[in-house]
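Trainee: I would like a close look at one small part of this model, and then to see how the rest of the chain fits around it. Could you take me through it slowly?

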Amino acid sequence: QVQLVESGGGLVQAGGSQRLSCAPSRSIFTINGMGWYRQAPGKQRTLVAVIKNDGTTKYGDSVKGRFTISRDAAKKTVYLQMTSLKPEDTAIYYCHAGLYSPDWSTRNNYWGQGTQVTVFT
């Protein structure tokens with residue numbers, strides 16, 4: 001049914017910037033937040049950033065101060081502006097939409113197919 005369509009991945013030099021975007025193929029009404037998770041080979045998927053419909057945000061510790069999540073409510077689109085990229089940011093980045101609880105746990109989850117971000121020195 002609903003697909004999350006991601007774009008913006010690619011190669012970027014260390015210290016550079018990249019912006020990811022994600023939009024659902026159609027409106028999803030049973031969610032209250034969207035965000036990004038990432039997974040490197042052999043690693044667990046971890047939270048990068050999430051933004052709720054009320055505008056509150058949460059960031060993973062490793063990206064605080066470097067990444068910024070934003071949203072266009074009318075377009076139902078979420079963006080991730082990544083700056084000061086490091087090689088350890090290399091991963092597949094997955095867009096996520098879901099119903100977030102106050103403790104940031106989720107249910108009714110939707111996932112994008114992932115977009116590769118590779119940071120090289």
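Where in the chain is W104 found?

Mentor: Happy to! W104 is found in the loop between β9 and β10, the latter being residues 106–111. Before going on, keep in mind that this is a predicted model, in which local features need pLDDT of at least 70 and side-chain atom pairs count only at pLDDT 80 or more, while totals for chains, interfaces and linings use all residues. Residues are numbered from 1 along each chain as its sequence is written, and side-chain values use heavy atoms, with hydrogens and water left out. Strands and helices here are DSSP runs numbered from the N terminus (E, at least two residues, for strands; H or I, at least four, for helices).

The backbone of W104 deserves your attention: phi is near 75°, a positive value in a residue other than glycine. S84 also has a positive phi, near 50°, and is not a glycine either. That serine is found in the loop between β8 and β9, and at 41% relative accessibility S84 counts as partly exposed. The scale runs like this: buried is under 20% relative accessible area, exposed is over 50%, and partly exposed is in between, using a 1.4 Å probe on protein chains only.

Back in the loop of W104, S105 has its place between β9 and β10 as well. S105 is partly exposed, at 34% relative accessibility. A polar contact of 2.7 Å joins its side chain to that of D103. (A polar contact is a pair of N or O atoms within 3.5 Å; within protein, one must be able to donate a hydrogen and the other to accept it, and residues adjacent in sequence count only if both atoms are side-chain atoms.) Leaving aside residues up to four places away in sequence, S105 touches L99 and Y100, where contact means heavy atoms within 4.5 Å.

From this loop we can step into β9, where the disulfide comes into view. A search of the whole structure finds one such link, a disulfide being a pair of cysteine sulfur atoms within 2.5 Å. The bond joins C22 to C95, with 1.9 Å from S to S, and it is left-handed, at -90° about the S-S bond. C22 lies in strand β3 and C95 in strand β9 (residues 91–100), so the pair ties together parts that are 73 residues apart in sequence. Both ends are buried: C22 has a relative accessible area of 1%, and C95 is at 0%.

Following the link into β3, we meet S21, placed in that strand at residues 18–24. S21 is buried, with a relative accessible area of 17%, and its side chain makes a polar contact of 2.7 Å with the side chain of S7. Across the strands, S21 stands opposite Y79 in β8. Five bridges join β3 to β8 (residues 77–82), and the two run antiparallel; a pair of strands needs at least two DSSP bridges.

Those two strands belong to an open sheet of four, in the order β1-β3-β8-β7, with antiparallel pairing. β1 (4–7) and β7 (67–72) stand at the edges with a single partner strand each, so one side of each has no neighbour in the sheet. From one strand to the next, the twist averages 15°, with axes fitted to C-alpha atoms and angles running from 0 to 180 degrees between N-to-C directions.

One more residue is worth a visit: R38, found in strand β4 (residues 33–39). R38 counts as buried, at 10% relative accessibility. Its side chain makes polar contacts with the side chains of D89 at 2.9 Å and Y93, also at 2.9 Å.

Stepping back, the protein chain has zero helices and eleven strands. Its radius of gyration is 13 Å, close to the 14 Å that the globule rule gives for 121 residues, so the chain is as compact as a globular protein of that length. (The radius is taken over C-alpha atoms, and the rule is 2.2 Å times the number of residues to the power 0.38.) Along its principal axes, the C-alpha trace spans about 40 × 30 × 25 Å. Of the 121 residues, 40% count as buried. Among contacts between residues at least 6 apart in sequence, 56% join residues at least 24 apart.
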